[in-house]
Amino acid sequence: MIRVFLVDDHEVVRRGVAALLDAEDDIEVVGEAGTAESAVARIPALKPDVAVLDVRLPGGSGVDVCREVRSKLPGLACLMLTSYADDEALFNSVMAGAAGYVLKQIHGSDLVGAVRTVAGGQSLLDPQTTAAMLHRLRDQATKKDPLAALSDQERQILELIGEGLTNRQIGERMFLAEKTVKNYVSNLLSKLDMQRRTQAAALAARLKAERQE
């Protein structure tokens, strides 16, 4: 039996979803809440298998509830339910540990299937959504570390560019052919989305200054 807890600030929605799920032989709705505060207080005590959470709630959000209750119940599968597609809410839901994200326009049978899917330990994020999440995570990592995309060899070459060395001098320092260094420089400029060597030199100088502060 899959034990489900419903969180939505609209009573009519809660009743409708509860009736839909309770009609299934393998699903039981064990509790409901209309606010984030009530959900955080009741879910850990009832220990459901799945929490169906409205993204927008009075006194907080479904994302906050997901993050907080999963810190107490790591095995809980949170299925986010929302009225409209919102990339920011989707991203935050995934980062909070949600197992799935569906729109309220979903067919009843699909919602039942979604509950069973996340209860079984599977994710309900389609490949396109997953790809978008990974792309955003990579972008964030690059903003925190502009050199995140560079290999160790390319980082070393960037530092030497910052010191004003030519490709030949870099090759001599690193025991590489000048042509090899040229290829490395082209690659690192491409990864850093730069057109000129002087831009790379300026970045290397800035990063060196930051490390010395």
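Among contacts between residues at least 6 apart in sequence, what percentage join residues at least 24 apart? In this chain the share is 61%, and that figure is a useful thing to hold in mind while moving through the model, which is a predicted one.

**The whole chain**

Begin with the cartoon of the entire chain, in which ten helices and seven strands can be picked out. Of the 213 residues, 38% count as buried.

**The sheet**

Select next the five strands that form an open sheet, and follow them in the order β2-β1-β3-β6-β7, noting that their pairing is parallel. The edges of the sheet are taken by β2 (27-33) and β7 (100-103), each of which has a single partner strand, so that one side of each is left without a neighbour in the sheet. If you look across the strands, neighbouring ones are turned against each other by 25° on average, with direction ignored.

Stay with the sheet and add helix α5, residues 108-119, which packs on it and touches β1, β2, β3 (50-54), β6 (77-82) and β7. The direction of α5 makes about 150° with that of β6.

Now narrow the selection to strand β1, residues 2-7, and its partner β2, which run parallel and are joined by six bridges. Two opposite pairs can be shown as sticks here: Ile2 stands opposite Ile27 in β2, and Val4 stands opposite Val29 in β2. Is β1 mostly covered or mostly open? The strand is mostly covered, since five of its six residues are buried.

**Around Arg14 and Thr35**

Move on to helix α1, residues 11-22, and select Arg14 within it. Although one might wish to check an arginine for exposure, Arg14 is buried here, with a relative accessible area of 14%, which lies under the 20% that sets the limit for buried residues. Leaving aside neighbours within four places in sequence, display what surrounds Arg14: the residues in contact with it are Leu6, Asp8, Asp9, Glu32, Ala33 and Gly34.

Thr35 is the next stop, in the loop between β2 and α2 (36-46). Thr35 is partly exposed, with a relative accessible area of 31%. Which residues does Thr35 touch, not counting those up to four places away in sequence? They are Val7 and Pro58. A distance drawn between the C-alpha atoms of Thr35 and Val7 comes to 7.2 Å, although the two residues are 28 residues apart along the chain.

**The two cysteines**

Select Cys66 and Cys78 together, and draw the distance between their sulfurs. Why is there no bond between Cys66 and Cys78? The sulfur of Cys66 is 3.6 Å from that of Cys78, its closest cysteine sulfur, and this is too far for a bond, because a disulfide calls for sulfur atoms within 2.5 Å. The structure as a whole holds zero disulfides. Both residues are hidden from the surface: Cys66 is buried at a relative accessible area of 0%, and Cys78 also counts as buried, at 0% relative accessibility.

**Two loop residues with positive phi**

Go next to the loop between α8 (167-174) and α9, where Phe175 lies. Phe175 has a positive phi of about 60° although it is not a glycine, and at 76% relative accessibility this residue counts as exposed.

Then select Asp193, in the loop between α9 and α10. Its phi is near 60°, again a positive value in a residue other than glycine, and Asp193 is exposed, with a relative accessible area of 64%.

**Helix α10**

From Asp193, finish on helix α10, residues 197-212, which has 16 residues and reaches 23 Å from its first C-alpha to its last, close to the 22 Å expected at 1.5 Å a residue. Show the side chains of its buried residues, which are Ala200, Leu203, Ala204 and Leu207. These cover an arc of only 100° around the axis, which puts them on the same side of α10. An α-helix has 3.6 residues a turn, so residues three or four places apart point the same way. Adding the neighbouring elements to the view shows what the buried residues of α10 pack against, namely α7 (152-162) and α9 (178-191). Turn to the other side of α10 and select Thr198 and Gln212, both of which are exposed.

Technical notes. Residues numbered from 1 in each chain as written. Predicted model: local features only at pLDDT ≥ 70, side-chain atom pairs only at ≥ 80, totals over all residues. Heavy atoms only, no water. Helix = DSSP H or I, 4+ residues; strand = E, 2+ residues; numbered from the N terminus. Expected span 1.5 Å × (residues − 1). Buried < 20%, exposed > 50% of the residue type's maximum accessible area, 1.4 Å probe, protein only. Arc of directions from axis to C-beta. Contact = heavy atoms within 4.5 Å. Pairing = 2+ DSSP bridges. Axes fitted to C-alpha atoms, helices over the stretch in contact; angles between N-to-C directions.
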